[in-house]
Amino acid sequence: MATVPAKKIFTVSQINTLVCEMLDEYFSDIWIVGEISNLKTYESGHIYFTLKDETSQLAAVCFRDSARKLKFKLETGMLVIGHGRLEVYAASGKYQIILDTIEPRGIGALQQAFEQLKRKLEKEGLFDQARKRQLPKLPRVIGIITSPSGAAIHDMLKTLRRYRAHCQVLLYPVQVQGEGAAAQIVRALDCLGRREDVEVIILGRGGGSIEDLWPFNEEVVARAIAACRVPVVTGIGHEVDFTIADFVADVRAATPTAAAQVVAQGWYELEERFNRAVADLFQVMQDYLFHYEQRVDELSRHRAFEQVVRRLQDSRHRSEIYQAAMVNAIRRHLGVQAAALNLLNEQLSRQNPVVKIRLRQVALTDLKSRLWRALTAQTTNFNTRLERLASTLNALSPLASLARGYALCLKPDGTLVKKIGQVAVSEDVFIRLSDGRLKCQVQDKIRGGENGE
Amino acid sequence: MANRNNTEKIDFEQALAELEKIVKQLESGNLPLEKSLELFERGVKLARQCKEKLSEAELKVNKLIEEKEGEMGELPFAEEGD
């Protein structure tokens, strides 16, 4: 102001130019808040409107280049924050603000754009449940659209492997953020969708800010998903992130990993089904063998066998009686002999022929030993018969006749080995077969079923 | 190729279905020991076949690349750091 000389008379143009310079100096980089009214969008792409508050208003313009960058559509009544500069429009002497950035007040511009697009597509029915397609149960070719270098592809492939997806993956590498990302994603969806072998497509991306995830909120991407020939599963960002792509997709998974899980679920279940069937097979066979083992046990305790055992016991009892009788007989015999001896002794003692007594004593000893021999022979004979009887019983053993191909495992002391815990490694065991026994040494103990599986 | 994959898949599912049928048979009836052993052996054989098929299930990953305008080619995809 000090540079303006007193009493100088300006022309209108001079004043406007001076004001323009001053505004340039002080108001070329300002932020302003206000409500939009008198909104007019021209064919050229320029947007004219008025920013106002309770008591005043200011003309505003957003030129084509800036308008194109807006992430949301301006609407009358919207409270916005804008950035720009003040300018005098010399032709009319009015000043206005030229805005290069406009954001809705309160929520971010992207959020606003998101809500607008979401409402629009929802109205069109793009999110309808009826549109959602079923995923193939056992996909053989899976298309994946994501960055080839991010954590997302790594997570997805790891998950597909872990879920034993028996399939082929076609990765269509794309940029997942920034300028051009949306166009690449659209091309990828189109390309994979055209291929006859692709049965399902995963569109994935790791976490990021709303700006990073923005390509997945673009209308072109949403429409490409809706138009895709094969079902699309999205796994974008984290659990809390919802993108427009998620709403349009046939299945929205929370993360890339979850998307891979959803797609590979059928393969996983198939393998689970298989594992269960194998476990059941071994279990039911074990039950069978246990059942038969029990039946053999029961049979071996059958009355018929008990009778044999009882007969054997009877025989033993009878043999004891015989033995006792024999002993008695021998005793009696000895008693008679002793009586005779006594008599002789008496006679001899009367005659006192010492030599004769000696002779008699020798004869008596001889008689005694003969008697003992006879007794022993009888007993041995009986024991032999007993053993023969026992072995005949063994031959009739239920185990031998019923097993038919089964083998019994016995410890050297005859204990039946039923569990591997009963024997130690390198311990000798006998494997009892139908016609004999194998002497074996335990080499190893393997717990579990037939195959040790 | 899709066709061959298809055949493999059917084989696996058929084998698995038969295996499950065998388990059901064994579970349901009091079969003679001979018969049960026979079924069991068949089951083990099927299980082995399935297992082989499953171990073949190596995930094949190819990367699509644009060779010419509009024409796509495939290359095996190797993950970074692998």
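A residue counts as buried if 20 or more other C-beta atoms lie within 10 Å of its own, as exposed if 12 or fewer do, and as partly exposed in between. The structure examined here is a predicted model. By the above criterion B:Lys51 is partly exposed, because 16 other C-beta atoms lie within 10 Å. B:Lys51 belongs to helix α2 of chain B. B:Lys51 lies 39 residues from B:Phe12 in sequence, and the C-alpha atoms of B:Lys51 and B:Phe12 are 9.2 Å apart in space.

The helix that holds B:Lys51, α2(B), comprises 23 residues. From the first C-alpha to the last, α2(B) reaches 32 Å, which is close to the 33 Å expected at 1.5 Å a residue. Its buried residues are B:Ser36, B:Leu39, B:Phe40, B:Gly43, B:Val44, B:Leu46, B:Ala47 and B:Cys50.

Chain B as a whole contains two helices and two strands, arranged from the N terminus in the order α-α-β-β. Of its 82 residues, 22% are buried. Among contacts in chain B with a separation of 6 or more, 35% are between residues 24 or more positions apart. Chain A, with 453 residues, has 24% of them buried, and its secondary structure amounts to 11 helices and 13 strands. In chain A, residues 24 or more positions apart supply 63% of the contacts with a separation of 6 or more.

The two chains meet in a contact made up of 31 residues from chain A and 28 residues from chain B. On the side of chain B, the elements that give two or more residues are α1 (2-28), α2 (33-55) and β1 (60-68). Helix α1(B) provides the largest share of that side, with 10 residues. By class, the residues of chain B that touch chain A comprise 17 nonpolar, four polar and seven charged. Strand pairing also links the two chains: β7 of chain A (residues 168-173) is joined to β1(B) by four bridges, and the two strands run parallel. One of the residues paired in this way is A:Leu171, whose bridge partner in β1(B) is B:Lys63.

Within chain A, five strands form a closed barrel in the order β1-β2-β3-β5-β4, with mixed pairing. From one strand to the next, the twist averages 50°. The antiparallel strands β4 (residues 79-89) and β5 (residues 94-104) of chain A are joined by 10 bridges, and A:Leu86 has A:Ile97 in β5(A) as its bridge partner. Helix α1 of chain A (residues 12-26) packs on the sheet, where it touches β4 and β5 of chain A. The direction of this helix makes about 140° with that of β4(A).

Strand β1 of chain A (residues 30-41) is antiparallel to β2(A), to which it is joined by five bridges. In this pairing A:Thr41 stands opposite A:Ile47 of β2(A). The two strands form a hairpin with five residues between them, and A:Gly45 in the turn has a positive phi of about 105°. Strand β2(A) also pairs with β3 of chain A (residues 57-62), in the antiparallel sense and over six bridges. Here A:Thr50 stands opposite A:Ala59 in β3(A), and β2(A) and β3(A) form a hairpin with four residues between them.

The side chains of β2(A) (residues 47-52) alternate along the strand. A:Ile47, A:Phe49 and A:Leu51 point to one face and are buried, whereas A:Tyr48, A:Thr50 and A:Lys52 point to the other and are not. A:Ile47 is thus both a buried residue of β2(A) and the residue opposite A:Thr41. A:Thr50, which stands opposite A:Ala59, is on the face that is not buried.

Helix packing in chain A is illustrated by α5 (residues 181-194) and α6 (residues 219-227), whose axes are 9 Å apart and make an angle of about 10°. Since angles under 35 degrees count as roughly parallel, α5(A) is therefore roughly parallel to α6(A). The residues of α5(A) at this contact are A:Ala182, A:Ile185, A:Val186, A:Leu189 and A:Asp190, which meet A:Val220, A:Val221, A:Ala224 and A:Ile225 of α6(A). The contact of α5(A) with α6(A) includes eight nonpolar residues, no polar residues and one charged residue.

How values were computed. Residues numbered from 1 in each chain as written. Chains lettered and ligands numbered in written order. Predicted model: local features only at pLDDT ≥ 70, side-chain atom pairs only at ≥ 80, totals over all residues. Contact = placed C-beta atoms within 7 Å. Nonpolar A, V, L, I, M, F, W, Y, C, P; charged D, E, K, R; others polar. Pairing = 2+ DSSP bridges. Expected span 1.5 Å × (residues − 1). Axes fitted to C-alpha atoms, helices over the stretch in contact; angles between N-to-C directions. Parallel < 35°, antiparallel > 145°, perpendicular 65-115°, else oblique.
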